[in-house]
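Time to open the notebook and see what I can look up in this model. I'll go through the helices, sheets, a pocket and some ring pairs in turn.

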Amino acid sequence: MKRFKGEQLKPSARIALLTGEALGNYVVATPLCQMLRAAHPQAQLHYFGGERTRELWEREALFDAKTAFLGSDPRRTAHAAMEKGPFDLVVNLENSEWARCLSSLLCSDETLVVGPILNSQGREGLNPQRDLRGALWRDPDWMAEDLIHWYPFLDSSFIGEIFCRLCYCDGPIPRYRVPCETPAAPVPRVLVSMAASADAKLWPLEKWTILLRELVEKGFTVGIIGARHEVQRQVWRGSEMEDVLARIGNVVDLRGVLSLPQVVGALQSADLVVSIDNGILHLAAAGDTKCVGLYRHGYDRLWAPPAPKLKVVTPEAKRHVSAITVSTVLDAAEL
């Protein structure tokens with residue numbers, strides 16, 4: 001295997017793309033999916049992802065083949081992967097041990113690779129290439145304020161663009177691409193999402209309570225959107241807050257009611273989405289709904305998509321998300 005440096009691939013190239021199974025991790029990779037397809041229209045693009053986002057990627061027409069490697073039996077996945085390989089180009093955007101291992105199983109000696117992967121001896125990771133893109137792979141601080149100063153091939157520090165440029169894709173970065181379906185339930189005017197993968201992302205219960213009550217008093221119907229209760233509690237932080245807020249009058253509990261494509265449809269039908277930094281916010285940014293995103297200081301540089309109607313709200317430096325005031329959120333919403 002060899003590090004990819006932007007070499008021309010044969011028209012019939014076979015390309016494997018691996019991402020994490022978190023909702024946001026999949027959505028931020030969709031600009032790269034589009035650019036890979038545009039650059040290699042005759043190639044076979046095989047996607048490897050996770051069960052938690054299957055409802056999205058199984059409907060994606062850009063992929064010629066699709067495999068769940070996260071959330072499924074590793075032995076069967078490894079056996080199936082070896083039968084599907086080797087590929088001409090393997091792009092791995094997931095830094096887990098299993099993803100690095102599986103990526104190496106998809107390779108031959110001549111495969112070009114992007115991202116974390118075991119070397120041909122399987123003892124350690126394959127070193128990045130010795131150019132600016134390789135330096136970016138080695139850089140531990142993708143949230144640095146001056147990131148684009150050190151890497152002039154970047155126009156922004158948005159992670160979706162970083163992935164595209166690390167694959168030597170040039171040109172404008174496409175917007176998110178996710179399937180959209182009509183929701184199976186009525187959609188409130190305001191949708192909120194308050195669960196996330198880490199406690200540091202959460203906004204406190206008392207502030208959510210004040211926000212939702214003020215929205216209801218202003219005459220808005222409000223819905224809480226997310227995964228089924230049991231899944232939410234297993235995977236994300238904040239489900240207990242959702243349970244409390246779902247009992248506020250005129251607040252609709254839509255958790256687990258909709259499929260992921262229907263969640264996209266609901267978000268696009270709403271007048272406003274208020275969310276902390278999570279996968280729901282990325283889905284909302286795929287459309288043209290007004291969104292208010294609550295981010296940790298500095299994390300917005302990497303994780304906030306350049307969506308035209310996304311208003312980013314952050315605390316001051318060295319302050320927690322909990323420091324963001326309700327009035328700041330309401331002002332950003334422009335209600």
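**Entry 1: a helix over strands.** I started with helix α9 (residues 205–217), which lies across β7, β8, β9 and β10 (272–276) and runs at about 175° to β7. My helices (H or I, at least four residues) and strands (E, at least two) are DSSP runs, numbered from the N terminus. Contact means heavy atoms within 4.5 Å. For angles I used axes fitted to C-alpha atoms, for helices over the stretch in contact, running from 0 to 180 degrees between N-to-C directions.

A note to self: this is a predicted model, where local features need pLDDT of at least 70 and side-chain atom pairs count only at pLDDT 80 or more, while totals for chains, interfaces and linings use all residues. Residues are numbered from 1 along each chain as its sequence is written, and side-chain values use heavy atoms, leaving out hydrogens and water.

**Entry 2: the sheet under α9.** What is the strand order in this open sheet of 6 strands? I read β9-β8-β7-β10-β11-β12, with parallel pairing; two strands pair if DSSP finds at least two bridges between them. β9 (251–253) and β12 (310–313) are the edge strands, each pairing on one side only. On average, neighbouring strands here are turned by 20° against each other, direction ignored. I also checked β7 (residues 190–193) with β8 (residues 222–224), and found 3 bridges in the parallel sense. Val192 stands opposite Ile224 in β8. Helix α15 (residues 326–333) lies across β10, β11 (290–294) and β12, at about 155° to β11.

**Entry 3: another sheet.** I then followed an open, parallel sheet of 6 strands in the order β1-β6-β5-β2-β3-β4. β1 (2–3) and β4 (65–70) each have a single partner strand, so one side of each lacks a neighbour in the sheet. Strands β2 (residues 14–18) and β5 (residues 89–92) run parallel, joined by 4 bridges, and the bridge partner of Leu17 in β5 is Val91. Helix α2 (residues 30–39) lies across β2, β3 (44–50) and β5, at about 165° to β3.

**Entry 4: ring pairs.** How many aromatic pairs does a search of the whole structure find? It finds 10, counting rings of Phe, Tyr and Trp (its six-membered ring) with centres within 6.5 Å; planes under 30 degrees apart are stacked, over 60 edge-to-face, the rest tilted. Phe48 and Phe87 are edge-to-face, at 6.2 Å centre to centre and 85° between the planes. Phe48 lies in β3 and Phe87 in the loop between α4 (74–84) and β5, so the pair ties together parts 39 residues apart in sequence.
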